[in-house]
Amino acid sequence: VAGVRVVISDFGGVLTNPLEEAFYDWQAASGIQLEELGNAMLAVGERLGENPLYRLEKGLLAEAEFERLVEEQLREQLGPEIEFVDFAEFYFSRLFPNQPFLDFLHEYKGGGGRLALLTNNVREWEPRWRKMLPIDELFETIVDSGFVGMRKPEPEIYQLTLERIRELPELGSVEAGECVLVDDIEANCAAAREFGFAAVRYVGSCDDVLGELRPLLVV
Ligand SMILES: [Mg+2]
């Protein structure tokens with residue numbers, strides 16, 4: 001097994017606190033159960049041919065249009081008085097840097113490790129999440145689903161990430177097995193392993209994660 005020379009980090013739930021907190025706060029503020037929201041996504045998805053959240057994350061649906069479609073569906077399910085509370089406001093007001101993991105990334109980079117970012121994100125959110133953290137200082141390449149028309153766990157986005165990594169200077173030829181994805185969503189990790197990357201799920205404490213990650217690293 002080749003040792004890992006490149007760490008590919010997810011954004012939400014890895015460089016930040018877990019996302020679930022924001023979802024539950026949104027539920028409380030909007031008065032809309034997450035189950036109802038899930039049902040609305042499914043209903044809109046049936047009409048579009050794909051889950052609207054996936055289309056949003058692939059940059060194929062504008063945020064305003066996504067909100068309009070979901071709100072319209074929620075009104076059908078729950079009544080005309082329903083208003084779709086802006087999720088982005090909620091999300092960003094409850095989002096904080098995961099400092100212990102960021103410290104690790106700085107240390108890894110300082111020791112010669114190479115860093116890529118692979119995020120399922122919303123195109124319109126880019127200015128907000130990028131200014132939260134020293135993204136450009138840390139990561140040599142950034143693959144953002146909202147700008148590339150694909151998203152994790154689609155294999156094509158892992159292929160694109162590997163191609164971007166192979167273009168980095170002074171890295172030489174890189175095999176997929178020399179890269180590890182750190183992601184909080186199991187389906188993303190499973191698909192990454194299928195593709196040939198190593199993968200570590202970000203779950204539990206940062207120490208738990210580093211306990212799994214460090215033994216894989218040769219740099
Ligand atoms: Mg995530």
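I will go through the sheet of this structure, the helices packed on it, the metal site and two points of backbone geometry. Please keep in mind throughout that this is a predicted model.

Let me begin with the sheet, which is open and built from five strands in the order E3-E2-E1-E4-E5, with parallel pairing. Its edges are strand E3, residues 141–144, and strand E5, residues 198–201, each of which pairs on one side only, and from one strand to the next the twist averages 20°. Looking at the E3 edge, we find strand E2, residues 114–119, paired with E3 in the parallel sense over four bridges, and there alanine 116 stands opposite threonine 141 of E3.

Two helices on the sheet deserve a mention. H10 packs on it with contacts to strand E1 (6–9), E2, E3 and E4, and its direction makes about 165° with that of E3, while helix H12, residues 206–213, touches E4 and E5 and has a direction at about 165° to that of E5.

Turning to the magnesium ion, its protein donors are Asp10 (OD), Gly12 (O) and Asp184 (OD), at 2.0 to 2.2 Å from the ion, and along the chain they follow the spacing D-x1-G-x171-D. Aspartate 10 counts as buried because its relative accessibility is 5%, and glycine 12, at 12%, counts as buried too.

Finally, the backbone: the peptide bond from lysine 152 to proline 153 is cis, with omega near 10°, and proline 153 sits in the loop between helix H9 (145–148) and helix H10 (155–166). In the loop between H10 and strand E4 (179–183) lies glutamate 170, a non-glycine residue whose phi is positive, near 55°, and which is exposed, with a relative accessible area of 81%.

Note on methods:
Residues numbered from 1 in each chain as written. Predicted model: local features only at pLDDT ≥ 70, side-chain atom pairs only at ≥ 80, totals over all residues. Heavy atoms only, no water. Donors = N, O, S within 2.8 Å, 3.2 Å for Na, K, Ca; no water. Buried < 20%, exposed > 50% of the residue type's maximum accessible area, 1.4 Å probe, protein only. Pairing = 2+ DSSP bridges. Axes fitted to C-alpha atoms, helices over the stretch in contact; angles between N-to-C directions. Contact = heavy atoms within 4.5 Å.
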